[in-house]
Amino acid sequence: MTRYWPMTRDTCAIGSPFGPREGGFHAGQDFPAPDGTPIYACAGGTVLFLGAAGGYGQWIVIDHPSAEGGGVSEYGHMWDAGATGLSVGDRVEAGQLIAYVGSNGGSTGPHLHLSVMPHGYDPGSKIDPLFWLRGAAYPGDFLWALGEGEQRELLDRTREIWTQLQGPDGLGWPQLGRNAQGRNRSFVDALAEVQHSEHLG
């Protein structure tokens, strides 16, 4: 089960937090961003609500099954909640593009309002989204989208392949001939030579 921040690493900024604020209680976390900034699903699930929503202007609500960590996430203030083609009942994957930042409804500037309900749709049970997102990956960050074990396996395999390309003990492969220094060439040397000759040709 992987959770994602609702925006990419370079666009994700923390705004008005969950908790008391002037005029009442803010039952979510705001993410200020330029109008039109992509919004991504924090976890996989099914679109529960989508469209007009009072103070949110437009919203998308996603119900997450227990296999995806459970709960419900709620995204508000986009201009058009259906801009990516989603409809109620659609399945979305964790990290999938679902909407774009707007400033619709009760908003003072472009931002995403994210609310989280931990045990199904219950507006009275909202929790701090930053606590729920702890340890989440960023959409588009390939390595961060992998679990710790998967990252380690990928790096180990990359090292293994690099060692093979360099030849036994990093001394190259006799069957590829010698380089200008008289050492056995590796596959990397051979490929570089081919690319160099293609460039000259």
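The following dialogue examines how several labels in this predicted model are justified.

User: Why is S103 called buried?

Analyst: Buried means under 20% relative accessible area. S103 has 17% relative accessibility, and therefore counts as buried. This residue lies in the loop between strand 9 (97-100) and strand 10 (111-117).

User: What makes the approach of the S103 side chain to G109 a polar contact?

Analyst: The side chain of S103 reaches the backbone oxygen of G109 at 3.3 Å. A polar contact requires a pair of N or O atoms within 3.5 Å, and the value of 3.3 Å satisfies that distance limit. Leaving aside neighbours within four places in sequence, the residues in contact with S103 include H77, W79 and G109.

User: Where is H77 found, and how do you know whether H77 is buried or exposed?

Analyst: H77 is located in the loop between strand 7 (72-76) and strand 8 (91-92). Its relative accessibility is 4%. The limit for buried is under 20%, so H77 counts as buried. The backbone of H77 also deserves mention: its phi is positive, about 90°, although H77 is not a glycine.

User: How do you know that C12 and C42 are not joined by a disulfide?

Analyst: A disulfide needs two cysteine sulfur atoms within 2.5 Å. The cysteine sulfur closest to that of C12 belongs to C42 and is 9.0 Å away, which is too far for a bond. C42 is likewise in no disulfide, the nearest cysteine sulfur being that of C12. By this rule the count of disulfides is zero.

User: Why are C12 and C42 each called buried?

Analyst: The limit is under 20% relative accessible area. C12 has 19% and is therefore buried. C42 has 0% relative accessibility, so C42 counts as buried too.

User: What makes strand 3 and strand 8 edge strands of the sheet?

Analyst: Six strands form an open sheet in the order 3-10-7-6-5-8, with antiparallel pairing. Strand 3 (29-32) and strand 8 each pair on one side only, and they are the edge strands.

User: How do you know that strand 10 is paired with strand 3 and with strand 7?

Analyst: Two strands pair if there are at least two bridges between them. Strand 3 and strand 10 are joined by four bridges and run antiparallel, with P32 opposite H111 in strand 10. Strand 7 and strand 10 have five bridges, again in the antiparallel sense, and E74 stands opposite S115 in strand 10. Both counts meet the requirement of at least two. In general, strands of a sheet pair through backbone hydrogen bonds.

User: Why is strand 10 described as mostly covered?

Analyst: Seven of the seven residues of strand 10 are buried. H111, H113, S115 and M117 point one way, while L112, L114 and V116 point the other way, and all are buried. In a regular strand the side chains alternate between the two faces of the sheet.

User: What makes R21 and D30 a salt bridge?

Analyst: A side-chain nitrogen of Lys or Arg must lie within 4 Å of a carboxyl oxygen of Asp or Glu. The closest N and O atoms of R21 and D30 are 3.8 Å apart, and the two residues form a salt bridge. R21 has a relative accessible area of 42%, so R21 is partly exposed. D30, at 9% relative accessibility, counts as buried. The structure holds four salt bridges.

User: How do you know that E68, R91 and E93 form one network?

Analyst: R91 forms a salt bridge with E68, the closest N and O atoms being 2.8 Å apart. That pair links distant parts of the chain, with R91 in strand 8 and E68 in the loop between strand 6 (58-63) and strand 7, 23 residues apart. The side chains of R91 and E93 also meet in a salt bridge, at 3.2 Å from N to O. Salt bridges that share partners thus join E68, R91 and E93 into one network.

User: Which members of this network are buried, and which are partly exposed?

Analyst: Partly exposed covers values between the limits of 20% and 50%. R91, at 40% relative accessibility, counts as partly exposed, and so does E93, with a relative accessible area of 41%. E68 has 16% and is therefore buried.

Conventions:
Residues numbered from 1 in each chain as written. Predicted model: local features only at pLDDT ≥ 70, side-chain atom pairs only at ≥ 80, totals over all residues. Heavy atoms only, no water. Buried < 20%, exposed > 50% of the residue type's maximum accessible area, 1.4 Å probe, protein only. Polar contact = N/O pair within 3.5 Å; in protein donor to acceptor, adjacent residues only side chain to side chain. Contact = heavy atoms within 4.5 Å.
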